[in-house]
Amino acid sequence: MLQRVNSTWRTYAFWFFWISVVFFTVYPLCNWLTAKRGTTFNLYIEQELSIPFVPVFVWAYISLYLLFLVPPFFLKPARMDVLGKQLVAATVFCGVMFMLFPAKLGFERAIPDDAFYRSIFANLFEVDLPHNMVPSLHVTFSSLILFTLIDTQQALFPRFVFGAWFVLICASTVFVHQHHLLDVATGLLVATTFIRFIGRGERHA
C-alpha cells in the first residue's frame with residue numbers, strides 16, 4: 001500500500017515539474033513575442049463584446065490551479081503518465097498556434113470597483129497579457145484533467161461534480177473577459193483530440 005502511494009506521488013511530482021517547465025517557458029514567451037508584433041488578429045465576433053463582465057466568476061477561473069492538485073487523489077500512476085503526456089503536448093501545440101495566429105483580446109479589461117476583486121484582477125492582468133487566445137489553454141487544461149477524472153469514476157456524484165466544475169471553468173473564461181467563444185471551442189477541440197491520440201492503447205491500470 002505504501003509503495004503504491006509513493007509511486008503515485010512520485011509520478012505526480014515528475015509530471016508536475018515538467019508541465020510547469022513547459023508552461024512557464026511557452027506561455028509567457030508567446031505572450032511577450034505577440035505583444036511585440038505589429039499585427040494581431042481579432043478572432044471574435046462583435047456580438048461577443050456585449051457579454052457581461054461578472055467578477056464573481058473569477059473564483060471558477062482560478063480554480064484551475066486547485067484542479068492541478070486533484071489527480072493524485074483519483075488517478076493511478078499509469079493514468080497520470082498518460083495525462084502528463086497530454087498536458088505537455090497540448091501546451092507545446094497551443095504555443096505553436098499562438099505564434100501562427102497572434103490574437104488580441106477584444107474586451108476592454110476593467111478593474112472592478114470592489115476593493116477585494118480589484119486586487120485579484122489587477123494581479124491577474126499584470127501577469128497575463130491579452131494575447132494567448134486561440135486555443136484557450138485554460139479550457140484545454142481543465143478539459144484534459146476533468147475528462148480524465150470523469151472517465152475514471154464509476155459513482156455518479158463525483159462525475160457530476162467534475163462535470164459541473166468543467167462547465168464553470170469554461171464559462172468563467174468568458175465572463176471574466178479573459179477569452180472569447182472561439183478560444184473556448186478550440187481549447188475543447190485540442191483537448192479531445194489529444195485525449196483521442198495520446199495514450200491510446202496504453203494500459204491504464
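In this predicted model, threonine 152 makes contact with Phe74, Leu75 and Arg79, leaving out residues up to four places away in sequence. Threonine 152 belongs to helix 5, and its relative accessible area of 25% makes it partly exposed, because that value falls between the 20% limit for buried residues and the 50% limit for exposed ones. Leucine 83 lies 69 residues away from threonine 152 along the chain, and the C-alpha atoms of the two are separated by 12 Å.

The next residue to consider is glutamine 153, which sits in the loop between helix 5 and helix 6. Glutamine 153 has a relative accessibility of 13% and therefore counts as buried, the limit being 20%. Once residues up to four places away in sequence are set aside, glutamine 153 touches Phe74, Pro158, Arg159 and Phe162. Phe74 is thus a contact of threonine 152 and also of glutamine 153.

Attention now turns to helix 2, where serine 63 is placed. Serine 63 counts as buried because its relative accessibility is 14%. Apart from neighbours within four places in sequence, serine 63 is in contact with Trp165 and Ile169. There is also a link to a residue far along the chain: serine 63 and serine 142 are 79 residues apart in sequence, while their C-alpha atoms are 9.6 Å apart in space.

Helix 2, made up of residues 58–67, also meets helix 4, which covers residues 115–127; their axes come within 12 Å and cross at roughly 45°. Helix 2 and helix 4 are therefore oblique to each other, and their crossing is left-handed. On the helix 2 side, the residues that take part are Val58, Trp59 and Tyr61, and they meet Phe116, Tyr117, Ile120, Phe121 and Leu124 of helix 4. Sorted by class, this contact of helix 2 with helix 4 holds eight nonpolar residues, no polar ones and no charged ones.

A further packing arrangement brings together helix 3 and helix 7, whose axes are 10 Å apart and form an angle of about 135°. Helix 3 and helix 7 are therefore oblique to each other as well, but here the crossing is right-handed. Gln86, Ala89, Ala90, Phe93 and Cys94 of helix 3 make this contact with Val190, Phe194 and Ile195 of helix 7. The residues of the contact of helix 3 with helix 7 comprise seven nonpolar, one polar and no charged.

Helix 7 itself deserves a closer look. It runs over residues 181–197, and its 17 residues should span 24 Å at 1.5 Å a residue, so the 25 Å between its end C-alpha atoms agrees with what is expected. The buried residues of helix 7 are Asp183, Val184, Thr186, Gly187, Val190, Ala191 and Phe194. Val190 and Phe194 in this group also appear in the contact with helix 3. The partners against which the buried residues of helix 7 pack are helix 3 (77–100), helix 5 (137–152) and helix 6 (156–175). Just beyond the end of helix 7 comes glycine 199, which takes a positive phi of about 90°.

Note on methods. Residues are numbered from 1 along each chain as its sequence is written. This is a predicted model: local features need pLDDT of at least 70, side-chain atom pairs count only at pLDDT 80 or more; totals for chains, interfaces and linings use all residues. Side-chain values use heavy atoms; hydrogens and water are left out. Helices (H or I, at least four residues) and strands (E, at least two) are DSSP runs, numbered from the N terminus. The expected span of a helix is 1.5 Å times one less than its number of residues. Buried means under 20% relative accessible area, exposed over 50%, partly exposed in between (1.4 Å probe, protein chains only). Contact means heavy atoms within 4.5 Å. Axes are lines fitted to C-alpha atoms, for helices over the stretch in contact, and angles run from 0 to 180 degrees between N-to-C directions. Angles under 35 degrees count as roughly parallel, over 145 as roughly antiparallel, 65 to 115 as roughly perpendicular and the rest as oblique. A crossing is left-handed if the near helix is turned anticlockwise from the far one by less than a right angle, and right-handed if clockwise. Ala, Val, Leu, Ile, Met, Phe, Trp, Tyr, Cys and Pro count as nonpolar, Asp, Glu, Lys and Arg as charged, and the others, Gly among them, as polar.
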